[in-house]
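Reader: I'm more at home at the bench than with structure viewers. Could you walk me through how to read a few features of this one?

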Amino acid sequence: MALHVPKAPGFSQMLKEGARSFQGLDEAVYRNISACKEFSETVRTAYGPNGMNKIIINHIDKLFVTNDAATVVKELEVEHPAAKIMILASQMQEEEVGDGTNFVIVLAGSLLENAQDLLRMGMTPADIISGYELAMEKVIEILDSLVCVTISDCRDEEKVTKAVRSAVMSKQYGNEDFLARLITKACISIMPEETTFNVDNVRVCKILGSSLYNSESFLGMVFKRQAEGDITKKSNAKIAVFTCPVDIASTETKGTVLIKSAGELLKFSAGEETKLEQEINAIRDAGVDVIVSGGKVGDMALHFINKAGMMAVKVNSKFDIRRLCKATGATPLPDVTVPTKDELGFADSVYTDELGDTCVVVFRLDGQESRVSTIVVRGATDNYLDDIERAIDDGVNTFKGITRDGRFVAGAGAVEIEVAKRLRQYADTVSGLERYAVQKFANALEVFPKTLAENSGMKVKEVMDQLHKAHFKDNDAGIHVGINVESEGADLTLNAKEAALWDPVELKKWGVKFATSAVLTILRVDQIIMAKRAGGPAAKAPRGNDEDD
């Protein structure tokens, strides 16, 4: 008879063997805060224009070299539940604003670190949560009062370029002026009069070789492939777009043809060829210059297309087909039929070109308004091109933000220092234990100028002393003073407003909201319960070959 061993009393007796439970401050809260701090410190060194890069190798062995927190978060498979909450907050920031993911993670980590000090002093999580909620509402109110620049006209190229430049600078320090002009030109050229701006309408085509400064932006689309036929250039081209293969039509049902002689076989083949030729000629007679196919272009069809003097281009992606239709004004047709005038698209020129070792087909629209623009990016390596693409994505999202809310606050750590100062003044008016939580929230905001100074190799104490002196003057002259990361002399600060270092108000607001929400969720956790994992034991590692064998 087997000996029955009773389970240990307590919560674990309700769960399966192998389940784990952590509770209380030491086991649950401090453990969560510790994991979040570790994750926050990992991406903190990538914050700012002089942030360090990370080498990320994901689960399929793809290599990323980047300082973009959104990419780091996406490619790392973080398992800790509390750290996952921070990641979800940063992903929501990416969806809402398109930038500022690092801001959310760094602020959340700093808030949790300051909360840990309060917990060790004896405050309860409920008091800290209440104080942080008060502080968050006050920060959003203060941010509205610190607006330094408002861009009311999103077609004002000079102001928009300055705003986009700040967003690009954090990813591509040194190339921000060139990239900001490129992005602004691409965005303004396709800005619709009434409908909202769509970031998906600015495409990036990455081509290896040459220098970044040979990149260009133009209206239309670029595909990395060759034309299918012999004709490689058409001007003032009318375009027919088919989502199906352009080839001899096959019947929907299986059919059997009884052929008794070689003559009948020749007639059967000639009949198919004649029908296809008539279809191609009918398309040509409708005024079509370029045929775009969503599938393969058959050899026989290609022969007749060349004979008819038309250009053939194959585009495999259904999303690219959709964008090409949007750019040229064409209607995608599901069958190879003769298009009407309304279904045809138009491009000023369609031609093949060679950039470096890469063949491209260009649909260019210079003479008319297009809804899609393309930035052709040049560079030496794939990783570098990917990093440029991420910087362009941030710039385009900043432009989209301008179309919704054109208000900006001073960057370079200026707004965080000023908000922290005003938040401390507000904390003096708060009664109860929440006062200490509000003060700690203000301390947490100062992590940004400190991080900028650390990542730029500056002396943090000297920088913070100069910032505090500027911001604690009686007049308002110092409210826009931030860190000068290019400083080599004694003056480590600059006026961020005059230096055109601006951050969107919406980015800061949503960042504070998402970071605080994540922190409050983590602080509300008092117990971690982990069920037993499904499946059997882990597979053993393969043994190496024995030399004796």
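Author: Happily! Let's begin with the idea of a nonpolar core: a set of buried Ala, Val, Leu, Ile, Met, Phe, Trp, Tyr and Cys residues joined through side-chain atoms within 4.5 Å. Keep in mind that this is a predicted model.

Reader: How many residues does the largest nonpolar core have, and which of them have the most contacts inside it?

Author: That core has 71 residues, and Tyr 132, Phe 441 and Leu 523 have the most contacts inside it. Its largest share, eleven residues, is contributed by α4. Another core, of 56 residues, lies apart from it and includes Phe 197 and Phe 223.

Reader: What is Tyr 132 in contact with, leaving aside its neighbours within four places in sequence?

Author: Its partners include Leu 111, Asn 114 and Ala 115, then Ala 437, Lys 440 and Phe 441, and also Thr 516, Val 519, Leu 520 and Leu 523. Notice that Phe 441 and Leu 523, named above for their contacts in the core, are among these partners of Tyr 132.

Reader: Which other residues are buried in α5?

Author: A general point helps here. An α-helix has 3.6 residues a turn, so residues three or four places apart point the same way. In α5 the buried residues include Ile 128, Tyr 132, Ala 135, Val 139 and Leu 143. Among the elements covering the buried residues of α5 are α4 (101–121), α13 (434–445) and α16 (505–523), along with β13 and α12.

Reader: How far does helix α5 reach from its first C-alpha to its last?

Author: Helix α5 runs over residues 125–145 and reaches 31 Å, close to the 30 Å expected for its 21 residues at 1.5 Å a residue.

Reader: Let's turn to charges. How many salt bridges does a search of the whole structure find?

Author: There are 26. When you read one, look at the atom distance, then at where each partner sits. Take Arg 323 and Asp 200, whose closest N and O atoms are 3.3 Å apart. Arg 323 is in helix α10 and Asp 200 in the loop between α7 and β5, so their salt bridge ties together parts 123 residues apart in sequence.

Reader: Are those two partners buried or exposed?

Author: Arg 323 counts as buried, at 15% relative accessibility, whereas Asp 200 is partly exposed at 33%. For a second case, look at Asp 386 and Lys 206, which meet in a salt bridge of 2.8 Å, N to O. Asp 386 belongs to helix α11 and Lys 206 to strand β5, so this pair ties together parts 180 residues apart in sequence. Asp 386 is buried, with a relative accessible area of 15%, and Lys 206 is partly exposed at 23%.

Reader: Where in the structure do Arg 390 and Asp 387 lie?

Author: Both are in helix α11, three residues apart, so about one helical turn separates them. Their side chains form a salt bridge of 3.4 Å, N to O. Arg 390 is buried at 14% relative accessibility, and Asp 387 is buried at 7%. Salt bridges can also share partners: Asp 144, Asp 405, Arg 407 and Lys 509 are joined into one network that way.

Reader: One last feature: how far apart in space are Gln 425 and Gln 439?

Author: Their C-alpha atoms are 9.0 Å apart, with the two positions 14 residues apart in sequence numbering. Gln 425 lies in helix α12 and is partly exposed, with a relative accessible area of 48%.

How values were computed:
Residues are numbered from 1 along each chain as its sequence is written. This is a predicted model: local features need pLDDT of at least 70, side-chain atom pairs count only at pLDDT 80 or more; totals for chains, interfaces and linings use all residues. Side-chain values use heavy atoms; hydrogens and water are left out. Helices (H or I, at least four residues) and strands (E, at least two) are DSSP runs, numbered from the N terminus. The expected span of a helix is 1.5 Å times one less than its number of residues. Buried means under 20% relative accessible area, exposed over 50%, partly exposed in between (1.4 Å probe, protein chains only). Contact means heavy atoms within 4.5 Å. A salt bridge is a side-chain nitrogen of Lys or Arg within 4 Å of a carboxyl oxygen of Asp or Glu.
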